[in-house]
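Got the viewer open? Grab a selection tool and come along for a walk through this one, stop by stop.

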Amino acid sequence: MKLKHTAAWVGFTAAAALTVSACGADTAKTAARAVDNADKIMAALSRATDRTEQLGSAEVKVSTDLGTGTPIAMDGTYSWGDGLAFDAEMDTAAAHMQQLQDSPKTRVLFVHGAYYYDIDPQPSGPLAGKQWMRIDSSAIFGDKGAQAFSGSGGGSNPAAAMRGLKYANNVKDLGEETVDGQSTTHYRAVVDKAHMGKFKDAYGGDNLMGSMTGGADSMTMDIWVGSKDLPVRLKQTLGTVKVTMDFQKFGATAPVKAPPAAQTGDLTEAVKKAQEQQG
């Protein structure tokens with residue numbers, strides 16, 4: 001069971017401050033036109049960011065390719081109004097959970113900084129007779145990374161990713177495109193590692209960023225904004241890792257609650273020890 005791969009997708013669906021280098025212009029006229037266009041782009045992204053933050057949650061379909069050739073598909077609700085939380089189903093085999101779950105789909109929750117996986121009760125060990133497996137995010141990202149991804153102010157949600165766009169000065173308008181049956185405008189920004197903020201903090205401590213992405217030193221963000229000033233699709237590419245989030249419906253999602261403690265086995269310390277042994 002590859003717990004690092006199973007849980008790592010949440011980090012890659014989040015980004016922090018985006019700051020990229022400005023492109024030079026050949027003439028003053030071209031520069032002025034570029035500035036005017038950039039202002040229009042940033043105004044559009046600002047409206048989309050405000051709307052996303054205001055609504056606070058969404059039904060989301062996520063596809064995460066960690067470079068293994070088998071993307072992990074997830075479908076569920078994602079909220080960011082009061083810290084990161086989600087309730088979704090993922091493909092059991094793609095997430096390497098077959099040892100713990102016979103069903104082709106595995107339900108996974110993230111709430112209060114911890115992952116909860118719906119499993120089949122095990123015959124022995126810390127998961128004996130338990131319906132849920134708990135792993136604190138600190139076991140995956142370290143204490144600093146867990147704080148970055150779990151907090152309401154961190155780069156742990158779509159709103160935080162979009163909020164970081166206000167720091168970008170090289171965002172491009174790639175034109176009109178139809179996505180999920182909706183008319184959208186496609187925007188793109190490239191973020192270097194020095195300006196990833198809390199995203200970099202979470203992955204820099206134990207070199208997880210390098211091991212999971214092939215040593216990538218920049219991230220590309222693509223955002224498709226629909227007619228209601230809301231993102232229809234958010235795609236992030238970091239080296240060999242590609243994450244795509246399709247937003248089906250915003251707002252009015254049910255609160256995510258942790259499973260009862262009596263039904264939960266905690267593997268946090270076991271995962272930390274395994275991480276230390278892998279060194």
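Start by selecting Phe-110, which counts as buried at 1% relative accessibility. Keep in mind as you click around that this is a predicted model.

**Stop 1: the rings**

Add Tyr-115 to the selection. Tyr-115 is another buried residue, with 1% relative accessibility. Put the two rings side by side: Phe-110 and Tyr-115 make an edge-to-face aromatic pair, with 4.8 Å from centre to centre and 65° between the planes. Now bring in Tyr-117. The planes of Tyr-115 and Tyr-117 sit at 15° with the ring centres 6.2 Å apart, so this pair is stacked. Tyr-117 is buried as well, at 1% relative accessibility.

How many aromatic pairs does the structure hold? The count is 7. To see the wider neighbourhood, select Tyr-78, Trp-80, Phe-86, Phe-110, Tyr-115, Tyr-117, Phe-247 and Phe-250 together; these rings form one aromatic cluster.

**Stop 2: the cores**

Leave Tyr-117 highlighted and add Met-133. In the largest nonpolar core, which has 52 residues, Tyr-117 and Met-133 touch the most other members. Which strand gives the most to this core? Colour strand S11, residues 241–250: S11 supplies 5 residues, the most to this core. There's also a second, separate core of 7 residues, and you can pick out Ala-85, Val-111, Ala-114 and Tyr-116 among its members.

**Stop 3: strands S1, S2 and S11**

Switch to cartoon view and select strand S1 (residues 57–65) along with strand S2 (residues 72–79). S1 and S2 run antiparallel to each other and pair over 8 bridges. For a single rung of that ladder, click Val-60 and look across to Gly-76, its bridge partner in S2. Then follow the chain round the hairpin of S1 and S2, where 6 residues lie between the strands. Check the backbone torsions at Gly-67 in this hairpin: its phi is positive, near 85°.

S1 has another partner to look at. S1 and S11 also pair in the antiparallel sense, over 8 bridges. Select Ser-63 and you'll find Thr-244 of S11 standing opposite.

**Stop 4: Asp-136**

Next, jump to Asp-136 in strand S6, residues 132–136. Is Asp-136 buried or exposed? The relative accessible area is 18%, and under 20% is the cut-off for buried, so Asp-136 is buried.

Show side chains here and turn on distances. The side chain of Asp-136 has a polar contact of 2.7 Å with the side chain of Ser-138, and another of 3.3 Å with that of Arg-134. What does Asp-136 touch once residues up to four places away in sequence are set aside? Select Gly-113, Ala-114 and Thr-268 to see those contacts. You've met Ala-114 already, as part of the second core.

**Stop 5: Val-179 and its neighbours**

Last selection: Val-179, in strand S7 (residues 172–179). Val-179 counts as buried, with 3% relative accessibility. Leaving out residues up to four places away in sequence, Val-179 touches Thr-184, Trp-224, Val-232 and Arg-233.

Draw a C-alpha to C-alpha line from Val-179 to Arg-233: the two are 54 residues apart in sequence and 7.6 Å apart in space. Finish by rotating so you look down onto the ring of Trp-224. Arg-233 lies over the face of that ring, 5.8 Å from its centre.

Technical notes. Residues numbered from 1 in each chain as written. Predicted model: local features only at pLDDT ≥ 70, side-chain atom pairs only at ≥ 80, totals over all residues. Heavy atoms only, no water. Helix = DSSP H or I, 4+ residues; strand = E, 2+ residues; numbered from the N terminus. Buried < 20%, exposed > 50% of the residue type's maximum accessible area, 1.4 Å probe, protein only. Polar contact = N/O pair within 3.5 Å; in protein donor to acceptor, adjacent residues only side chain to side chain. Contact = heavy atoms within 4.5 Å. Core = buried A, V, L, I, M, F, W, Y, C linked by side-chain atoms within 4.5 Å. Pairing = 2+ DSSP bridges. Phe/Tyr/Trp six-rings, centres within 6.5 Å; stacked < 30°, edge-to-face > 60°. Lys NZ or Arg CZ within 6 Å of the ring centre and 35° of its normal.
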